[in-house]
Amino acid sequence: MTKIWTIAKMSLLENSRKQVFHVLCLLMLTVIAGSVLLSIFTDGTKLKILKDLCMTCILFGGAVLAIALGSTGIPNDVEQRTLYPIIARPVGRAQYVVGKFLGTLLTVSMGVLVMATVFGVLVYSFQHGFDKFLPLATLFALMEVAVIAALATAISTIATPAVSAVVTFLVYICGTIKIGYFGGLIEQATSGAAKAVYSVVYHALPNLECFNLKTALVHSDKVPIAYLVQVALYGLCYAAFVLFLGSLNFARKEV
Amino acid sequence: MSQPLLTENLTKTYQLGKKKLPKTALDSLNIEVPEGIIFGFLGPNGAGKTTTIKLMLDFVQPTSGSATIFGHPTTASSARSLIGYLPEQPYFHKFLKPIEVLSMHAVLAGVDRREIRKRAISCLERAGLSDYIETPIAKLSKGLTQRVGIAQAIVGDPKLLILDEPASGLDPIGRHQMRDLLLDLKNEGKTIFLSSHLLSEVESICDKVAVLKKGKMVAMGAPDSVRSSSSHVVIHTSPIDQDMLERLRFLNVSINRQSDCTVLTIDPKAIYEVMRAMEEIHLPVYKIDTQRESLEEAFLRLAA
């Protein structure tokens, strides 16, 4: 565990110095701050619009950061040969992959937490009170980020940074519309083969929509604890499985 | 106790290009590195030296054959806990300081947590970096970065050091210090596997050498046994003109024209014939000497 943590710490230091991290964080913070202006024009529902916009920013910004950082970490180490002295140590390839994933997750979490803090301050100033649901919504946004970061890290063990970023982004889009779109395709499929193909795609894709607690936050709906536990477990298992596949591939990779 | 390093018919074939054409980078390599020696691994570019090192460190998998480190297969993590590795041109994250790089590698090498900083500083001092412990890598020269690499290789107190071009980027003083450091490490009982192009360095410190050519080993043994046992005669004479040069060429003489003299290297059997020819063209003899083949000459003979 110490070795994984050391690699994660190094990855965090490396990622937090990347321009893409600073630019994306600043961009999202600007949009979050700008959402105040937008909500001013829509009296009555301004708080709902503010929450909707800010939460969208956190979810989308977190996902893009996870893709940008997760898909470049390992390939950059291979290309710049910073990987060599590390894997020449008694460090398993799986430990290295998990360390890089954790480093990415910690970096994105830092960005997401800054965004969530600014969001929290804005909500406080609008409703003159703290929204207790906000930390929970942020936590589940981080779980979505973890799944995306795991996917990007795993794909980057077999593909170039550009390819893995594009593929992960596509999976992110498909995972976000999975229930509505792919669920509908299965229902509408007439042939058995098509139904089977759609089913495989449906089950292989992550269900990212389940981590999105934006609607509950905006409308102050209650979310059953059992559902939250189930979603958390699903996220954990999906990320672990994807990382397992990535580690398995990286263990045999010639560097 | 098992050999620090042993390879048996180690072979690596890469599939190159879109057509996946096979290219044998290493062909049935058999080497034995006894404990406590400095082993020089020589070969021209593309001979398979780096591939061999990559196989030893499990960066790539062999097509056939095997390699062991102190009896452990190279695929085992236990083998890598006994190794310190210096890559050719080591790269570290530029924002880190040498002390941070060493501390990280100490953790990865399994050094006791309480000892990490002390060990890191001691290794940096041994590598001649006392004044640069807190300087970011980005501000260090190539030679100083190479020294960080050397310190990184010894931080885990390994029993076997695999060094790929350790003197690369070092100035003459640095090379001298490196040679002393390697000899000190050898005296401490470490085994050193040294891949280098600096043949004079290898000749002066290595107990055993292996020469690789196009993936095959062409010679292995003590530097003395690799060099040809026959000696040759070296004659220093005055600078010569083109006519004299043509005349001597017929006598199978190796001619090295220098600014203030000419050095003729000849087979001892041809000495009288050459001397006669020199007399005919009135060439003076400044100095005459016998010389044994150097490791560099042996390398050129074996690997060129």
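Two residues are taken to be in contact if their C-beta atoms, placed from the backbone, lie within 7 Å. By this criterion, in the predicted model, helix α11 of chain B (residues 295-303) lies across strands β3, β9 (208-213) and β10 of chain B. The helix α11(B) runs at about 35° to β9(B).

The three strands crossed by α11(B) belong to an open sheet of six strands in chain B, whose order is β6-β7-β8-β3-β9-β10 and whose pairing is mixed. The edges of the sheet are formed by β6(B) and β10(B) (216-221), each of which pairs on one side only. From one strand to the next, the twist averages 15°. Within the sheet, β3(B) (residues 38-42) and β8(B) (residues 191-195) are paired in the parallel sense, over four bridges. In this pairing, G40(B) is found opposite L194(B) of β8(B). A further helix, α6(B) (residues 172-187), lies across β3(B), β7(B) (160-164) and β8(B). Its direction makes an angle of about 150° with β8(B). Strand β3(B) is thus crossed both by α6(B) and by α11(B).

The contact between the two chains draws 20 residues from chain A and 22 residues from chain B. On the side of chain B that touches chain A, two or more residues are given by each of the elements α2(B) (77-80), β6(B) (83-86) and α3(B) (98-108). The largest share, four residues, is that of α3(B). Strand β6(B) accordingly appears both as an edge strand of the sheet and among the elements of chain B that touch chain A. In terms of residue class, this side of chain B comprises 14 nonpolar, seven polar and one charged residues.

Helix packing was examined in chain A. Two packed helices are described by the angle between their axes and the distance between the axes. For α3(A) (residues 46-70) and α8(A) (residues 161-176), the packing angle is about 150° and the axes are 9 Å apart. Because angles over 145 degrees count as roughly antiparallel, α3(A) is roughly antiparallel to α8(A). The crossing of α3(A) and α8(A) is right-handed. From α3(A), the residues A63(A), I67(A) and A68(A) meet A165(A), T168(A), F169(A) and Y172(A) of α8(A). The residues of this contact divide into six nonpolar and one polar, with no charged residue.

Conventions:
Residues are numbered from 1 along each chain as its sequence is written. Chains are lettered from A and ligands numbered from 1 in the order in which they are written. This is a predicted model: local features need pLDDT of at least 70, side-chain atom pairs count only at pLDDT 80 or more; totals for chains, interfaces and linings use all residues. Ala, Val, Leu, Ile, Met, Phe, Trp, Tyr, Cys and Pro count as nonpolar, Asp, Glu, Lys and Arg as charged, and the others, Gly among them, as polar. Two strands pair if DSSP finds at least two bridges between them. Axes are lines fitted to C-alpha atoms, for helices over the stretch in contact, and angles run from 0 to 180 degrees between N-to-C directions. Angles under 35 degrees count as roughly parallel, over 145 as roughly antiparallel, 65 to 115 as roughly perpendicular and the rest as oblique. A crossing is left-handed if the near helix is turned anticlockwise from the far one by less than a right angle, and right-handed if clockwise.
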